[in-house]
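Please find below a colleague's note on the structure under review. The points are numbered for ease of reference.

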Amino acid sequence: MIDLSMQYLGVKLSGPIVVASTPLSESIDNVRHMEDAGASAIVLTSLFEEQLALESRTLDEDLSRGTESFAESLDFLPELSDYRMSQDGYLEHVKRAGEAVDIPIIASLNGATPGGWVRFAREMEQAGADAIELNTFALATDRRQTSAELELQLLELVGSVCSAVRVPVAVKLSSSYTSLPNLCARLEDAGARALVLFNRFYQPDFDIETLEVRPSLHFSTPSELLPRLHWAAILYGHLNGDIAITGGVHSAEDVLKAIMAGASVAMMASALHIHGIEHIGRALADLRYWLDKREYATLAETRGCLSRRSVPDTSPYDRGNYIKTLSSYSLRQTLAAF
Ligand SMILES: Cc1cc2nc3c(=O)[nH]c(=O)nc-3n(C[C@H](O)[C@H](O)[C@H](O)COP(=O)(O)O)c2cc1C
C-alpha cells in the first residue's frame, strides 16, 4: 500500500488532501463525511474581523483606529451575518467538529488589520482547534498607503495571532506582493508555521444595465493552479515551514503537481462543491494508482521534485520563461501559416 502521509503544521497527516475553508464544513455530517472520504484535515469556514468587532461591541474603538477599507467592508455585514456563524456558534462548532472526527480541525480567522479581535484565536484554540489558518485578505485602495506599510501591518497581525496561541498558525496569503520570498521569510520570523498559497482574488463584476458593481463568486478551474505551482516551486527550499496550495486543485494530477512543486498538502473547495465530498476518495484512489504504476513507495518522495531548486534548468521559473513562452508562441503561429 502506497504511503500517502504528509507532514503539515507539525503533524503527520494521513494524506495530502485537506478540505479548504468552505461553508461545506458548517455541517457536522459533512465534516464526518470528509474524514470518511479521506480528507486528512479540515479548515473550517472563517470568522471575520469585521464580524468579531461588531459582536464584541468594540466597533467604535476599532473604527476610530481603523482603516478606510475596514469601514467600507462593514457595508457587507448584513449579508455576512446571514451566512456566517456567531462567535459562540463558531466556538461550539469547533468543539463539535473536533469531537466528531480524528483528523485535525483547523479554525479560520479572516482579517486584515491588527486589533483586539485577534484574541479570538486563543478562544478557537481553547475550543479545541488543532491549528489556526489566518486569512489575510487586504486590498490597497488608498494611494497614501505604501507596500512597505501594508507588509508591516500584515507582519504585525501575524505576530499578534502567533503570540496569542500555542497551536501552529498558517497564513493564507494573497499573491499580490512584490517580493513574496522576502515577505514569506519575514512571516516565518513573525511565527507563521505554514503559508497557504493563495487567497483567491474575488473581483466584483459590473452590471452595465443597472450600473451596479456586484460581488461575484465562481468556482475555480484547474488553470488557477498554475500561479500557485509557480510560487510554491520558487519558495520550496527557502522556507523552514510548510507550504499549502489552495486554488485550482480539482484532481489527483493537481494534487501531485502541488506536491511536486513543494507543497505539503493540497486543499480542495470548489471541486467538492462541484462533484461532492466523495470526490476526495476518487482523487486519492487515482493518486495511489499513479504512484503505484511508477513504483513510488511514498508520496512524500515526490515532494519538491519539480521545484526551482530541484530542476536542472531554472529558466521556466525565471524571466527566461517569459521570453521563451512568447517566442514559442510566435514560432507556432508562423509554422501554422505554412
Ligand atoms: C463558497 C466558498 C466559501 C469560501 N469561504 C471561505 C472562507 O470563509 N475563508 C477562507 O479563507 N476561504 C474561503 N473560501 C476560499 C477557499 O477556501 C479556497 O481557498 C478557494 O476557493 C480556492 O480553492 P478551490 O479552487 O479549491 O475552490 C471559500 C470558497 C468558496 C467556494
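The points that follow concern a predicted model and address the ligand site, a surface patch and some backbone features.

1. Ligand shell. The ligand is surrounded by 19 residues, and the closest are Ser 21, Ser 46, Asn 135, Ser 220 and Ser 270. By residue class, this shell comprises seven nonpolar, nine polar and three charged members.

2. Polar contacts of the ligand. Two side chains are to be noted here. An N or O atom in the side chain of Ser 270 lies 2.5 Å from a ligand oxygen, and an N or O atom in the side chain of Asn 135 lies 2.6 Å from an oxygen atom of the ligand. The backbone also takes part: an N or O atom of the main chain of Ala 269 is 2.8 Å from a ligand oxygen. The ligand taken alone exposes 600 Å², of which the protein buries 94%.

3. Nonpolar surface patch. Tyr 202, Leu 217, Phe 219 and Ile 274 together make a nonpolar patch of about 420 Å² on the surface. Of these residues, Tyr 202 may be placed in more detail: it belongs to the loop between strand 8 (194-197) and strand 9 (205-207). Its relative accessibility is 43%, so Tyr 202 counts as partly exposed, a class that runs from 20% to 50%.

4. Cis peptide bond. The bond between Leu 197 and Phe 198 is cis, with omega at about -10°. Phe 198 is located in the loop between strand 8 and strand 9, and the loop between these two strands also holds Tyr 202 of the patch in point 3.

5. Positive phi at Leu 211. Although Leu 211 is not a glycine, its phi is positive, at about 55°. The residue sits in the loop between strand 9 and strand 10 (212-214). Leu 211 counts as exposed because its relative accessibility of 72% is over the 50% cut-off.

6. Positive phi at Glu 295. A positive phi, about 60°, is likewise found at Glu 295, which is not a glycine. Glu 295 lies in the loop between helix 13 (279-293) and helix 14 (319-336). How exposed or buried is Glu 295? With a relative accessible area of 72%, Glu 295 is exposed.

7. Residues for inspection. For the backbone, a reader may wish to view the cis bond joining Leu 197 and Phe 198, together with the positive phi values of Leu 211 and Glu 295. For the ligand, the contacts to Asn 135, Ala 269 and Ser 270 may be viewed alongside.

Note on methods. Residues numbered from 1 in each chain as written. Predicted model: local features only at pLDDT ≥ 70, side-chain atom pairs only at ≥ 80, totals over all residues. Heavy atoms only, no water. Near = heavy atom within 4 Å. Polar contact = N/O pair within 3.5 Å; in protein donor to acceptor, adjacent residues only side chain to side chain. Areas by Shrake-Rupley, 256 points an atom, 1.4 Å probe, with all protein chains shown as cover. Nonpolar A, V, L, I, M, F, W, Y, C, P; charged D, E, K, R; others polar. Patch = residues over 30% accessible without salt bridge, like charges linked within 9 Å, V, L, I, M, F, W, Y side chains within 5 Å. Salt bridge = Lys/Arg side-chain N within 4 Å of Asp/Glu carboxyl O. Helix = DSSP H or I, 4+ residues; strand = E, 2+ residues; numbered from the N terminus. Buried < 20%, exposed > 50% of the residue type's maximum accessible area, 1.4 Å probe, protein only.
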